[in-house]
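Work through the exercises below with the sequence and the model open. Each task is followed by a solution in steps.

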Amino acid sequence: MDPVGVLAHGIGVRGDLPIPVWMFAYVAGAALIISFLLLGSFWPKPRLEGRFRPRPLPTATQPVARGLAVVLRLLGLAMFAVVLWASLAGELGAYATIAPVAIYVGFWVGLLFLSAAFGDVWRLLSPWETLALVGSAVRRRFFGHVPAHRLWRPDPVRSGWLGVAAILCFAALELVHPNPPETRLLGVAIAAYSALMLVGASLWGREWLRHSEGFGVVFRHIGAMGIFCDDGQGRLAVRPPIVGLANLRMTLPHAFVLLLMPGTTSFDGISRTEWWAGLVGARVGWETVGFGIFGLLQFAANFVVLYIAAMAVGAALTRTPLRQMLTDFAPSIVPIAFAYHVGHYFSLVIFEGQNFLALLSRPFGGTADLFGTGHFEVNYLLISTTAIALVQAIATVVGHLAGVVLAHDKAVARFKPRDALRSQYGLLVMMLAFTITGIFLLLNA
């Protein structure tokens with residue numbers, strides 16, 4: 001199997017559902033419509049927004065939580081240093097060092113799964129957050145407190161567009177570049193992005209990272225589905241899964257960052273079809289980059305335009321400003337974005353995660369076996385292709401159902417019952433399109 005293709009796209013045979021794909025797509029669409037009707041009839045008041053407050057863990061466990069936070073920060077810094085050095089100075093090749101697998105599997109897939117389960121773990125693992133925190137402490141120690149009026153704070157909306165650009169560039173590197181695991185290119189990209197983040201954080205503080213660091217935006221919003229969070233007073237707290245999204249506030253750039261996830265994974269799916277192969281023709285290598293960039297931007301734009309159109313319908317029917325609709329209902333995008341990610345990369349994390357364990361023992365290449373895992377080989381029988389297809393399909397449907405529930409809960413919190421239902425007409429059509437398109441691209445690819 002081509003390692004370049006593996007790291008760029010994931011592995012595992014698609015389309016092994018026990019029922020035809022078209023039938024599953026129809027059933028999924030019917031489930032969304034029925035859910036919409038049931039919610040309109042039996043969910044007249046908000047049951048999620050403002051109803052669940054995080055419960056702090058017992059006081060005795062808080063020092064342990066703070067100690068764990070320090071450990072995670074040190075781990076994040078150490079892993080960042082290892083990956084950066086491996087990509088800049090390690091051996092060349094997709095599996096020669098830990099860098100490609102750490103970035104495309106551990107970081108972009110595994111960490112997102114952990115965020116959805118446990119909360120915003122990237123806030124602690126992010127090397128840029130940690131370095132910005134240390135820098136701020138050093139500045140206070142030696143230069144005293146800098147008055148707030150001397151610090152220019154960029155507008156969160158304007159600075160948030162940098163995150164959109166970052167995720168698009170990463171998607172182009174992963175899905176369009178002829179050789180995504182090329183380690184030197186990864187190293188240069190990591191170093192350049194790190195320099196940009198650290199300069200921004202040094203000028204405008206850690207809050208700038210919260211809006212401008214594209215990966216942090218993704219992990220933070222996906223982490224709102226997790227069970228752990230901060231209670232607002234610096235204590236670790238717990239909450240039911242998913243409900244964190246009900247109180248989430250998003251800017252327009254952040255909504256677009258989340259919409260890039262189903263857009264880019266859909267492009268990945270279409271790029272492996274016979275139709276795309278016919279479009280590219282005999283072109284290979286760099287000759288395909290122009291087609292890839294156009295396709296990537298087109299699919300990313302498709303999802304953005306569909307969302308804007310859906311919200312425009314709701315805005316017209318309820319006489320609400322479009323921008324308010326776009327931001328108020330943006331949290332309903334989050335479970336959909338995560339569902340696309342699970343569906344597309346589930347097999348990747350199952351199989352390539354095993355390679356990650358092996359590469360931990362020889363992060364820079366060579367014959368080292370630091371932790372005794374260097375001999376691990378990928379067990380492709382660990383899970384069947386039917387089980388993979390079922391997880392992918394079910395995740396897609398459940399994610400969209402969660403989106404419908406969240407959107408309805410926000411609608412009944414903001415509008416009268418009749419307007420609440422009308423505000424969702426466009427969104428329902430959008431989610432039907434997302435669901436059916438996602439299933440066909442995923443399982444027929």
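The exercises cover helix packing, cysteines, and single residues in loops, a helix and a strand.

This is a predicted model, in which local features need pLDDT of at least 70, side-chain atom pairs count only at pLDDT 80 or more, and totals for chains, interfaces and linings use all residues. Residues are numbered from 1 along each chain as its sequence is written, and side-chain values use heavy atoms, with hydrogens and water left out.

**Exercise 1.** Describe how helix α11 packs on helix α15.

Solution.
- Step 1, locate the elements. Helix α11 spans residues 252-270 and helix α15 spans residues 333-360. Helices are DSSP runs (H or I, at least four residues) and strands are DSSP runs too (E, at least two), numbered from the N terminus.
- Step 2, take the geometry. The two axes come within 9 Å and cross at roughly 30 degrees. Axes are lines fitted to C-alpha atoms, for helices over the stretch in contact, and angles run from 0 to 180 degrees between N-to-C directions.
- Step 3, classify the angle. The crossing angle makes α11 roughly parallel to α15. The classes are: under 35 degrees roughly parallel, over 145 roughly antiparallel, 65 to 115 roughly perpendicular, and the rest oblique.
- Step 4, give the hand. α11 passes α15 in a left-handed crossing. Left-handed means that the near helix is turned anticlockwise from the far one by less than a right angle; clockwise is right-handed.
- Step 5, list the contact. On α11, the residues are Ala255, Leu258, Leu259, Met261, Pro262, Thr265, Ser266, Asp268 and Gly269; on α15 they are Ile333, Val334, Ala337, Tyr340, His341, His344 and Tyr345. Contact means heavy atoms within 4.5 Å.
- Step 6, sort by class. The contact of α11 with α15 has 10 nonpolar, 5 polar and 1 charged residues. Ala, Val, Leu, Ile, Met, Phe, Trp, Tyr, Cys and Pro count as nonpolar, Asp, Glu, Lys and Arg as charged, and the others, Gly among them, as polar.

**Exercise 2.** Repeat the analysis for α10 and α11.

Solution.
- Step 1. Helix α10 covers residues 214-223, and its axis lies 10 Å from that of α11, at an angle of about 85 degrees.
- Step 2. α10 and α11 are therefore roughly perpendicular to each other.
- Step 3. From α10, Gly214, Val217, Val218, Arg220, His221 and Ile222 meet His254, Val257, Leu258 and Met261 of α11.
- Step 4. These residues divide into 6 nonpolar, 3 polar and 1 charged.

**Exercise 3.** Classify the angle between α3 and α8, and give the hand of their crossing.

Solution.
- Step 1. Helix α3 (residues 62-89) and helix α8 (residues 183-204) pack with axes 7 Å apart, at about 135 degrees.
- Step 2. That angle puts α3 and α8 in the oblique class.
- Step 3. The crossing of α3 and α8 is left-handed.
- Step 4. Among the contact residues are Phe80, Val83 and Leu84 of α3 and Leu186, Val188 and Ile190 of α8.
- Step 5. By class, the contact of α3 with α8 has 10 nonpolar, 4 polar and 1 charged residues.

**Exercise 4.** How many disulfides does the structure hold, and is Cys169 buried or exposed?

Solution.
- Step 1. A disulfide is a covalent bond between the sulfur atoms of two cysteines. The criterion is a pair of cysteine sulfur atoms within 2.5 Å.
- Step 2. The structure holds 0 disulfides.
- Step 3. Cys169 is exposed at 54% relative accessibility, while Cys229 is buried at 13%. Buried means under 20% relative accessible area, exposed over 50%, and partly exposed in between (1.4 Å probe, protein chains only).

**Exercise 5.** Which non-glycine residues have a positive phi, among them Ile242?

Solution.
- Step 1. Ile242 has a phi of about 80 degrees. Ile242 sits in the loop between β3 (236-238) and α11 and is partly exposed at 31% relative accessibility.
- Step 2. Arg319 has a positive phi of about 55 degrees and is not a glycine either. Arg319 is in the loop between α13 (289-318) and α14 (322-328) and is exposed, at 80%.

**Exercise 6.** Describe the surroundings of Asp120 and Arg55.

Solution.
- Step 1. Asp120 lies in the loop between α4 (99-118) and α5 (122-125) and is buried, with a relative accessible area of 18%.
- Step 2. Not counting residues up to four places away in sequence, Asp120 touches Arg210, Phe219, Arg220 and Gly223.
- Step 3. Arg55 belongs to strand β1 (residues 55-56) and is exposed, with a relative accessible area of 65%.
- Step 4. Leaving aside neighbours within four places in sequence, Arg55 is in contact with Ala237 and Val238. Arg55 and Arg239 are 184 residues apart in sequence and 6.5 Å apart in space, C-alpha to C-alpha.
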